Amino acid sequence: MLTGLYVPANRPDRFAKAVAAGPDLVVFDLEDAVPVDAKVAAREWAVAWIAAHGVGSELRVNAPGTPWHADDLAAVAAVPEIRLRVPKVESAAEVLRILEQVPSASITALIESPLGLERAFEIATADPRVVAVALGEADLRSSLGVDGSEGLAWARGRLVSASRAAGLGAPMMSVHPRVDDTDGLRRTSLEGRALGFVGRMAIHPRQLPTILESFTPTAIQLAEAADLLAAVEKAGVSAGGVTVLPDGRMADPAMIGRAQELTTLAREIAHRS
């Protein structure tokens, strides 16, 4: 997935609009976006929508330990194949407790504290029903006492490594909180792409085109990948070991794998158009 969009679960008037904006994933948010006095109604609206139209959606529940968490899980227990986005995860045990209560769920675990970051791989491998890990950067930035994108570079790289090591593939980036800051969205998205992220969550539909553009492989990358794969195919070389191509370049499985990954990503993006 390249693009995701949060929609406040207390705004059912925006549900259809969020889907129509065309993100790969719509996340109905019961947590930060919803005032305390609207939590119950928001839960009812979001669960009803997901039960009826659930493909391509997640429900961000309230964090473990909050007064609303247990009721959130109870409300989705009967929804088949529900995708849950769980905030402030700090251990594999927390993930397993949620899955005991909602066995049909798959989970995106949000890492938002230094302890969660230290345990990112443990969380990512807690259960096969953990399908993704992601950073909650606002809380993490505060917990780490860092400012700006530079202060999160190590944490971002750590998450990418944990996600890849767990076999979950490249993760999506956290949101850019300033809706009108297109330049900042593009700059930080390109920074994330350089660190290994593929795609990003948004808080407004107008951010989606910039996210898609930023995570699309460049023409130079695609040309180099195509040339490498064509040369490998023409030479009839195997996928094992290091191979010297007729033009003198060396190709190893890692280079070939990366070229294939870029080509597949570009094909998926083109298919969206």
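**Exercise 1.** Locate A155 in the predicted model, and determine whether A155 is buried or exposed.

*Solution.* Begin with the secondary structure: A155 belongs to helix α8, which comprises residues 153-165. Next, take the relative accessible area of A155, which is 2%; because buried means under 20%, A155 counts as buried. Then turn to the surroundings: once residues up to four places away in sequence are set aside, A155 touches L117, L135 and L140. Finally, for a long-range distance, consider F15, which is 140 residues from A155 along the chain and whose C-alpha atom is separated from that of A155 by 32 Å.

**Exercise 2.** Establish which residues of helix α3 are buried, and where they fall when the helix is seen down its axis.

*Solution.* In α3, which runs over residues 69-76, the residues H69, D72, L73 and V76 are buried. Viewed down the axis of α3, these buried residues fall within an arc of 95 degrees, so they line one face of the helix. The last step asks what covers them, and the elements that do so include α2 (39-53), β3 (57-60), β4 (83-86) and α4 (92-101).

**Exercise 3.** Work out why the residues of the UniProt "binding site" annotation gather at one spot, and describe the setting of each.

*Solution.* The annotation, which comes from an unreviewed UniProt entry, covers E112 and D139. These residues span 28 residues in sequence, yet no two of their C-alpha atoms are more than 5.5 Å apart, so they gather at one spot. Both E112 and D139 are included in the lining of the largest pocket.

Consider E112 first. E112 sits in the loop between β5 (106-111) and α5 (114-118), and its relative accessibility of 6% makes it buried. Apart from neighbours within four places in sequence, E112 is in contact with P87, K88, G136, D139, L140 and S143, and its side chain reaches the backbone nitrogen of K88 at 2.8 Å.

Now consider D139, which is placed in helix α7 (residues 137-144). At 29% relative accessibility, D139 counts as partly exposed, and, with neighbours within four places in sequence again left aside, D139 is in contact with K88 and E112. K88 therefore appears among the contacts of E112 as well as among those of D139.

**Exercise 4.** State which residues UniProt lists for the domain "HpcH/HpaI aldolase/citrate lyase", and how far apart the end C-alpha atoms of residues 3-205 lie.

*Solution.* The unreviewed UniProt entry lists residues 3-205 for this domain. The end C-alpha atoms of that span lie 10 Å apart, and its composition is 41% helix and 17% strand.

How values were computed:
Residues are numbered from 1 along each chain as its sequence is written. This is a predicted model: local features need pLDDT of at least 70, side-chain atom pairs count only at pLDDT 80 or more; totals for chains, interfaces and linings use all residues. Side-chain values use heavy atoms; hydrogens and water are left out. UniProt positions are given in the numbering used here, feature names are shortened, and annotations may be inferred rather than shown by experiment. On a 1 Å grid over the protein atoms alone, a cavity is a set of points where a 1.4 Å probe fits but cannot get out, and a pocket is an open set with protein on both sides within 12 Å along at least five of seven lines; lining residues have an atom within 4 Å of a point. Helices (H or I, at least four residues) and strands (E, at least two) are DSSP runs, numbered from the N terminus. Buried means under 20% relative accessible area, exposed over 50%, partly exposed in between (1.4 Å probe, protein chains only). Contact means heavy atoms within 4.5 Å. A polar contact is a pair of N or O atoms within 3.5 Å; within protein, one must be able to donate a hydrogen and the other to accept it, and residues adjacent in sequence count only if both atoms are side-chain atoms. The arc is that of the directions from the helix axis to the C-beta atoms.
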